Amino acid sequence: MSNFSIISRPIGTVQNFVLRRNDGAEFEILSGYGGGLNAWRVPVSSKPLDLLFGYREGDDIFKMGPDTNAGCRLTPYPGRTAYAQFTWNGSTYKLINNVSWAPHALHGFLQNQEWKFESFESDSESCTAVFTCDWPGAFAGFPFPFRATNTIVFTGETVTMTSSVKNTGKKDMPYSEGWHPYFMLGEKIDGLTLTLPKTNLALLDSADLPTGNFKEDTRFVGGRKIGDEFINDCFCLADQSGEAHVQLESDHFALDIWQKAGNEQYNAIQMYTPPDRMSIAIEPMTSEPDALNHHRGLIVIPPSEEKTFTFGFKFRVK
């Protein structure tokens with residue numbers, strides 16, 4: 001017997017699917033806009049607690065989406081690509097400068113695209129939904145076609161995201177990726193305790209691009225309150241094996257955000273504290289930004305081959 005269902009709940013004109021457990025726990029996938037991880041609600045004392053920042057009304061998506069990219073998968077590059085161009089195998093490819101505040105290209109091509117619902121299955125313990133999106137490679141700036149697949153396993157208190165990408169073209173494809181979820185625990189993040197694994201901070205130049213230099217960052221190793229600290233940094237894992245865990249805790253609740261690290265896996269964590277201080281972006285990434293240019297952690301996918309990446313999160317009441 002299944003305790004789960006999937007329903008369509010559009011936000012304005014944008015398709016949105018909801019994975020539901022019978023007690024009201026929900027997880028939303030904004031398939032009409034980037035396949036975004038749009039909401040996660042768990043019942044606490046008979047009331048839903050929101051754990052992900054996302055879009056709640058139709059106008060929000062188009063007003064806020066280009067700046068926040070909330071919940072979206074970032075592929076075939078996360079973060080900035082310097083001056084909207086990169087060189088690969090002797091050729092220079094020009095991307096689109098898609099932000100007003102810098103001359104760079106940001107977050108790939110699928111963060112605002114429609115994803116196709118493929119399948120749903122469930123049992124008494126969990127449910128699984130699969131979505132796909134195809135990049136045809138018709139754009140001269142990235143003429144490498146691929147298929148991206150998102151597989152979401154939801155139990156109510158846990159979510160596991162498996163991302164895969166298949167090179168559907170005839171040439172080796174340069175690749176990096178990440179996700180852009182914003183987590184929250186129902187209060188300002190200033191009072192939350194953040195715990196990071198051992199990391200090295202990617203140092204940036206005046207154009208906010210990685211220099212290739214790093215320094216050890218121990219601010220949150222062992223855990224401390226975020227306070228009024230502004231964070232907009234990429235933390236590269238010191239131990240790039242196994243699983244890396246980030247803890248976010250209030251007095252009453254805790255989130256464990258984990259990612260699979262290792263060769264060609266999620267070996268960096270980009271973090272950002274928005275101005276309203278009600279959420280924090282904790283973003284698994286395969287490398288620091290601009291990998292198409294500096295090639296640190298760049299993944300090369302041969303024709304017809306596929307790569308898979310995994311991260312997830314778990315909620316508990318303390």
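The following exercises, each with a worked solution, concern a predicted model of a protein.

**Exercise 1. Overall form**

Task: Determine whether the radius of gyration of the protein agrees or disagrees with that of a compact globule.

Solution: The starting point is the chain length of 318 residues, for which a compact globule would have a radius of gyration near 20 Å. The protein has 19 Å, so the value agrees with the globule rule. Along the principal axes, the C-alpha atoms fill a box of roughly 60 × 40 × 40 Å. As to secondary structure, the protein contains two helices and 28 strands. Buried residues account for 55% of the 318 residues. Of the contacts between residues at least 6 apart in sequence, 62% join residues at least 24 apart.

**Exercise 2. Surface and charge**

Task: State what share of the accessible surface belongs to carbon and sulfur atoms, and how far apart the mean positions of the positive and negative charges are.

Solution: The accessible surface comes to about 13300 Å², and carbon and sulfur atoms contribute 48% of it. The protein carries 28 positive and 38 negative charges, and their mean positions are 1 Å apart.

**Exercise 3. The surroundings of Glu249**

Task: Classify Glu249 as buried or exposed, and identify the side chain with which its own side chain forms a polar contact.

Solution: Glu249 is first placed in strand E23, which spans residues 243-249. Its relative accessible area is 18%; because the limit for a buried residue is under 20%, Glu249 is buried. The partner is Lys318, whose side chain is joined to that of Glu249 by a polar contact of 3.1 Å. Beyond four places in sequence, Glu249 is also in contact with residues including Leu185, Leu192, Thr193 and Arg316.

**Exercise 4. Backbone geometry in three loops**

Task: Name the cis peptide bond at Pro76, and decide whether Asp290 and Ser304 are buried or exposed.

Solution: Most residues other than glycine have a negative phi, and most peptide bonds are trans. The bond from Thr75 to Pro76 is cis, with omega near 10°. Pro76 lies in the loop between strand E6 (73-74) and strand E7 (80-81).

Asp290 is not a glycine, yet has a positive phi of about 70°. Its loop runs between strand E26 (280-285) and helix H2 (291-294). With a relative accessible area of 8%, Asp290 is buried.

Ser304 likewise has a positive phi, near 70°, and is located in the loop between strand E27 (299-301) and strand E28 (306-317). Its relative accessible area is 55%; since exposed means over 50%, Ser304 is exposed.

How values were computed. Residues are numbered from 1 along each chain as its sequence is written. This is a predicted model: local features need pLDDT of at least 70, side-chain atom pairs count only at pLDDT 80 or more; totals for chains, interfaces and linings use all residues. Side-chain values use heavy atoms; hydrogens and water are left out. Helices (H or I, at least four residues) and strands (E, at least two) are DSSP runs, numbered from the N terminus. Buried means under 20% relative accessible area, exposed over 50%, partly exposed in between (1.4 Å probe, protein chains only). A polar contact is a pair of N or O atoms within 3.5 Å; within protein, one must be able to donate a hydrogen and the other to accept it, and residues adjacent in sequence count only if both atoms are side-chain atoms. Contact means heavy atoms within 4.5 Å. The radius of gyration is taken over C-alpha atoms; the globule rule is 2.2 Å times the number of residues to the power 0.38. Accessible areas come from the Shrake-Rupley method with a 1.4 Å probe; for residues, only the protein chains shown count as cover. Lys and Arg count as positive and Asp and Glu as negative; His and the chain ends are not counted. The place of a charge is taken as NZ of Lys, CZ of Arg, CG of Asp or CD of Glu.
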